[in-house]
Amino acid sequence: MTDATRPADRPSGVKKPLTPKRRYRVVENDEYAAFLRRVIDAYSRRVASGDIEAITTMAHLSTCLEDATRQAIIGLRASGYSWVDIALRLGITRQGAQQRWGDSPASVTDTNSTPANGSCL
């Protein structure tokens, strides 16, 4: 019986301890991406204000982002998304996406840990 068909004077037969209320998983991709954009913008302003030593680290971040994008696309492909689905979101052609990220060896990035030296590889 569902709640709609159960008489009001009869309690639910579901035992509370056996059916824990699952927490709703909130995915905040848009907010997280906006946060990352703000951090990158702030870092570029810091470099532009005269921190020339940091330009090397900033350039290395582009390599890390490319590696992360490759890992994301590998994951999307493993989840069943087509090259057309991926290319449409990136604003490029299917062939362009496949040439750039297809048939490439898996990255050596360990997604379970962060290297102590701050490198992405």
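A: An axis is a line fitted to C-alpha atoms, for helices over the stretch in contact, and the angle between N-to-C directions runs from 0 to 180 degrees. The model in front of you is predicted, so local features need pLDDT of at least 70 and side-chain atom pairs pLDDT 80 or more, whereas totals for chains, interfaces and linings use all residues. Residues are numbered from 1 along each chain as its sequence is written, and side-chain values use heavy atoms, with hydrogens and water left out.

Q: Which elements make up the protein chain, from the N terminus on?
A: Helices (H or I, at least four residues) and strands (E, at least two) are DSSP runs, numbered from the N terminus. Here the order is α-α-α-α, so the chain has four helices and zero strands.

Q: How do helix 1 and helix 2 lie to each other, roughly parallel or roughly antiparallel?
A: Angles under 35 degrees are roughly parallel, over 145 roughly antiparallel, 65 to 115 roughly perpendicular, and the rest oblique. The axes of helix 1 (residues 29-48) and helix 2 (residues 54-78) come within 9 Å and cross at roughly 150°. Helix 1 and helix 2 are therefore roughly antiparallel.

Q: What share of the protein chain counts as buried?
A: Buried means under 20% relative accessible area, exposed over 50%, and partly exposed in between (1.4 Å probe, protein chains only). Of the 121 residues in this chain, 12% are buried. Tyr32, a residue of helix 1, is an example of an exposed position, with a relative accessible area of 52%.

Q: How many salt bridges does the rule give here?
A: A salt bridge is a side-chain nitrogen of Lys or Arg within 4 Å of a carboxyl oxygen of Asp or Glu. The count for this model is three. One of them joins the side chains of Arg46 and Asp51, with N and O at 3.2 Å.

Q: How exposed are Arg46 and Asp51?
A: Arg46 is exposed, because its relative accessibility is 51%, while Asp51, at 23%, is partly exposed.

Q: Where do Glu66 and Arg70 lie with respect to one another?
A: Both residues belong to helix 2 and stand four residues apart, which means that about one helical turn separates Glu66 from Arg70. Their side chains form a salt bridge, in which the closest N and O atoms are 3.7 Å apart. Arg70 is buried, at 17% relative accessibility, whereas Glu66 is partly exposed, at 23%.

Q: Which parts of the chain does the pair of Glu66 and Arg100 tie together?
A: The side chains of Glu66 and Arg100 also meet in a salt bridge, with an N to O distance of 2.7 Å. Because Glu66 lies in helix 2 and Arg100 in helix 4 (residues 94-101), this pair ties together parts that are 34 residues apart in sequence. Arg100 is partly exposed, with a relative accessible area of 47%.

Q: Which residues are linked in a network of salt bridges?
A: The network links Glu66, Arg70 and Arg100, and in the model you can follow it from the Glu66 side chain to Arg70 and to Arg100.
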